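Work through the exercises below with the sequence and the model open. Try each task before reading its solution.

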Protein chains: 2
Amino acid sequence: MSMQIGELASKCGVRIDTVRYYEKQKLLVPSGRTEGGYRIYSKVALRELRFILRAKSLGFTLKEIQELLTLKIDRENQPCSSVKELAEVKLKDIEEKLTELGRMHNALTAITDACCGGEEPATACSILDALDKEDS
Amino acid sequence: MSMQIGELASKCGVRIDTVRYYEKQKLLVPSGRTEGGYRIYSKVALRELRFILRAKSLGFTLKEIQELLTLKIDRENQPCSSVKELAEVKLKDIEEKLTELGRMHNALTAITDACCGGEEPATACSILDALDKEDS
DNA sequence: CTTGACCCTAGACTTAACTCCAGGGATAGG
DNA sequence: CCTATCCCTGGAGTTAAGTCTAGGGTCAAG
């Protein structure tokens, strides 16, 4: 039903420090404290941490997750469009990175394929030449 | 024929600080200094800086570019295979990132497409629900 | 009552690749 | 000579998301 920080962390596969860090970032507040000052977490906190981790795995930053949580907490009064907008911004973001990585991949593949990769000296290595070319 | 740091930087579209930073990282040494201590760069330095920037645009880190430069400087005695190996490691690296980003893209697209995005309250928003789901 | 496992805080450190700052010197044009 | 523009150094700051450290308290078992 309720647990300490160590159990919460290990249930989610993160470090204790990470949980405390999320708290400092106002992403996750413990349900209470013991007399001795230990944080206690409920099942709700477990769900919340998992929410955060899922959003992270989709590429959201902690700052963006904060926004998502703000919307989530106040769901009744927030339009779906606000949530979808965040998701779409992030999607565009991911798409840009994909494009850029694709560009790198194509260019690097091209010059790598052209290289013999043999044991002969790299005096005329086509990779080094491509990086050193006069044009562009 | 030869220039100061400002001209070199602007010819390559980087900041002066960046050039000095590359020098600190032992990527780019000026050809000399004026009496007054100003760095002077030759056409060779210009090529070298462009080499660095091209490698960077292919996804190499500065540390990896250092290795490339080490090989390049000693081309005669380095096998092509060493160069190609660096390129292939980087390619694999890029491919992993592409895979991961593709995974994110698919997942986020799926849950985003399912969201109405309308002005109605997000009480049952499918994006929030997907992030909050019990399973997985 | 002692041991070991757990927890607390505040704050420093990490990585990459810059970017900025203070305080000052060099150089060219008028 | 004055001014504007360039340049110098050493070192600090930036960003994201943690990770680590020192020094200490809590709690349950034996």
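This is a predicted model. Chain A exposes about 7,700 Å², and carbon and sulfur atoms supply 51% of that area.

**Exercise 1. Describe the overall build of chain A.**

Solution.
- Step 1: count the elements. Chain A has six helices and three strands.
- Step 2: put them in order. From the N terminus on, they run β-α-α-β-β-α-α-α-α.
- Step 3: check the dimensions. The C-alpha trace of chain A spans about 70 × 40 × 20 Å along its principal axes.
- Step 4: compare with a globule. The radius of gyration of chain A is 24 Å, whereas a compact globule of 136 residues would have one near 14 Å.
- Step 5: look at burial. Of the 136 residues in chain A, 42% are buried.
- Step 6: look at contact range. Take contacts in chain A between residues at least 6 apart in sequence; 46% of them join residues at least 24 apart.

**Exercise 2. Characterise the largest pocket.**

Solution.
- Step 1: recall the principle. A probe the size of a water molecule, rolled over the atoms, shows where empty space is left.
- Step 2: state the volume. The largest pocket holds about 200 Å³ of space.
- Step 3: find the lining. Among its residues are Lys26(B), Glu48(B), Ile52(B), Gln66(B) and Ile73(B).
- Step 4: assign the lining to elements. Helix 3 (43-57) and helix 4 (62-73) of chain B each supply at least two residues. Helix 4 of chain B gives the largest share, five residues.
- Step 5: sort by class. The lining has six nonpolar, two polar and three charged residues.

**Exercise 3. Repeat the analysis for the second largest pocket.**

Solution.
- Step 1: state the volume. The second largest pocket has about 160 Å³.
- Step 2: find the lining. It includes Lys26(A), Leu28(A), Glu48(A), Thr70(A) and Lys72(A).
- Step 3: name the main contributor. Helix 4 (residues 62-73) of chain A gives the most, with five residues.
- Step 4: sort by class. Five lining residues are nonpolar, two are polar and three are charged.

**Exercise 4. Which backbone angle stands out at Lys26(A) and at Lys26(B)?**

Solution.
- Step 1: set the expectation. Most residues other than glycine have a negative phi.
- Step 2: read the angles. Lys26(A) has a positive phi of about 60°. Lys26(B) also has a positive phi of about 60°.
- Step 3: locate the residues. Lys26(A) sits in the loop between helix 2 (16-24) and strand 2 (32-33) of chain A. Lys26(B) sits in the loop between helix 2 (16-24) and strand 2 (32-33) of chain B.
- Step 4: classify exposure. Exposed means over 50% relative accessible area. Lys26(A) has 69%, so Lys26(A) counts as exposed. Lys26(B) has 69%, so Lys26(B) is exposed.

**Exercise 5. Is Asp132(B) buried or exposed, and what does Asp132(B) touch?**

Solution.
- Step 1: locate Asp132(B). It lies in helix 6 (residues 126-132) of chain B.
- Step 2: apply the cut-off. Buried means under 20%. Asp132(B) has a relative accessible area of 12%, so Asp132(B) is buried.
- Step 3: list contacts, leaving out residues up to four places away in sequence. Asp132(B) touches Arg47(A), Phe51(A), Arg54(A) and Lys72(A).

**Exercise 6. Place Ile40(A) in its surroundings.**

Solution.
- Step 1: Ile40(A) belongs to strand 3 (residues 39-42) of chain A.
- Step 2: Ile40(A) has 26% relative accessibility, so Ile40(A) counts as partly exposed.
- Step 3: Beyond four places in sequence, residues that Ile40(A) touches include Ser2(A), Met3(A) and Gly32(A).
- Step 4: Val29(A) is 11 residues from Ile40(A) in sequence, and their C-alpha atoms are 9.5 Å apart.

Methods:
Residues are numbered from 1 along each chain as its sequence is written. Chains are lettered from A and ligands numbered from 1 in the order in which they are written. This is a predicted model: local features need pLDDT of at least 70, side-chain atom pairs count only at pLDDT 80 or more; totals for chains, interfaces and linings use all residues. Side-chain values use heavy atoms; hydrogens and water are left out. On a 1 Å grid over the protein atoms alone, a cavity is a set of points where a 1.4 Å probe fits but cannot get out, and a pocket is an open set with protein on both sides within 12 Å along at least five of seven lines; lining residues have an atom within 4 Å of a point. Grid points are joined across faces, edges and corners, and a volume is the space filled by probe spheres set on the points. Helices (H or I, at least four residues) and strands (E, at least two) are DSSP runs, numbered from the N terminus. Ala, Val, Leu, Ile, Met, Phe, Trp, Tyr, Cys and Pro count as nonpolar, Asp, Glu, Lys and Arg as charged, and the others, Gly among them, as polar. The radius of gyration is taken over C-alpha atoms; the globule rule is 2.2 Å times the number of residues to the power 0.38. Buried means under 20% relative accessible area, exposed over 50%, partly exposed in between (1.4 Å probe, protein chains only). Contact means heavy atoms within 4.5 Å. Accessible areas come from the Shrake-Rupley method with a 1.4 Å probe; for residues, only the protein chains shown count as cover.
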